[in-house]
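Got your viewer open? Here is a short tour, with something to select at each stop.

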Amino acid sequence: MSQRPVFQCQQCGDCCAGRGGIFVRPEEVAAMAALLEMGEEEFRDRYLEPSSLGTRLAITDGVCVFLQDNRCRVHPVKPFICRQWPYLPVLLADEDEFEAAKGACPGLDPEGSHKDFVEESRKLNES
Ligand code: SF4
Ligand code: SF4
């Protein structure tokens, strides 16, 4: 494995553009609603939208509805997909998807190998 990490976040905020859809689970909706001190129904009306792949966070002005001044308003309880990025199952399983993700996330080393990326994820899960 190379010395340089394959992934090192550059804090650009681009992943909060939600291009692929920021999908949420019921328990995540409950946690975010509680953090914002509002009922789940109101939360759903204001911040969620349906899609063919599942319920996701709404996008306003081209970014996630919770991105404010480049910070996440629900950071302590943000959805699993946000916490997991870029070590998503699809990127770990599919080298082509991993290579494609390099174009969307400047935190991914363009020279980084898929093998090292998978190894990095494994080590993070162990720690
Ligand atoms: S797009 Fe990548 S580098 Fe930019 S904030 Fe998201 S994870 Fe970090
Ligand atoms: S919930 Fe937070 S971390 Fe996730 S996309 Fe929205 S602003 Fe970004």
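The stops below go from domains to pocket, then to the two ligands, and end at a ring pair.

**Before you click.** This is a predicted model, where local features need pLDDT of at least 70, side-chain atom pairs count only at pLDDT 80 or more, and totals for chains, interfaces and linings use all residues. Residues are numbered from 1 along each chain as its sequence is written, chains are lettered from A and ligands numbered from 1 in the order in which they are written, and side-chain values use heavy atoms, with hydrogens and water left out.

**Stop 1: the domains.** Colour 17-77 as domain 1 and 86-127 as domain 2; the bounds come from an automatic or database domain assignment. Their C-alpha centres are 25 Å apart.

**Stop 2: the largest pocket.** Select D14, C15, C16, C82 and W85, which lie nearest the pocket's centre among its 40 lining residues. Here a pocket is an open set of points on a 1 Å grid over the protein atoms alone, where a 1.4 Å probe fits, with protein on both sides within 12 Å along at least five of seven lines; lining residues have an atom within 4 Å of a point. Now add β6 (71-72), α3 (80-84), α4 (89-93) and α5 (95-102), the elements giving two or more residues to the lining. (Helices are DSSP runs of H or I, at least four residues, and strands are runs of E, at least two.) Each of the two domains supplies at least three lining residues. By class, the lining has 25 nonpolar, nine polar and six charged residues.

**Stop 3: ligand 1.** Which residues are around ligand 1? Select F7, C9, Q10, Q11, C12, G13, D14, C15, W85, C105 and G107; "around" asks for a heavy atom within 4 Å. Six of this shell are nonpolar, four polar and one charged. Ligand 1 sits in the largest pocket, meaning that more than half of its atoms lie within 2 Å of the grid points.

**Stop 4: ligand 2.** Ligand 2 also sits in the largest pocket. Select C16, I22, L57, C64, F66, L67, C72, V74, K78, P79 and C82 to see its shell. That shell has 10 nonpolar residues, no polar and one charged.

**Stop 5: a ring pair.** Keep F66 and add Y47: their ring centres are 4.6 Å apart with planes at 50°, so the pair counts as tilted. (Rings pair if centres lie within 6.5 Å; planes under 30 degrees apart are stacked, over 60 edge-to-face, the rest tilted.) Y47 is in helix α2 (40-47) and F66 in the loop between β4 (63-64) and β5 (67-68), so the pair ties together parts 19 residues apart in sequence. The whole structure has six aromatic pairs.

Methods: Nonpolar A, V, L, I, M, F, W, Y, C, P; charged D, E, K, R; others polar.
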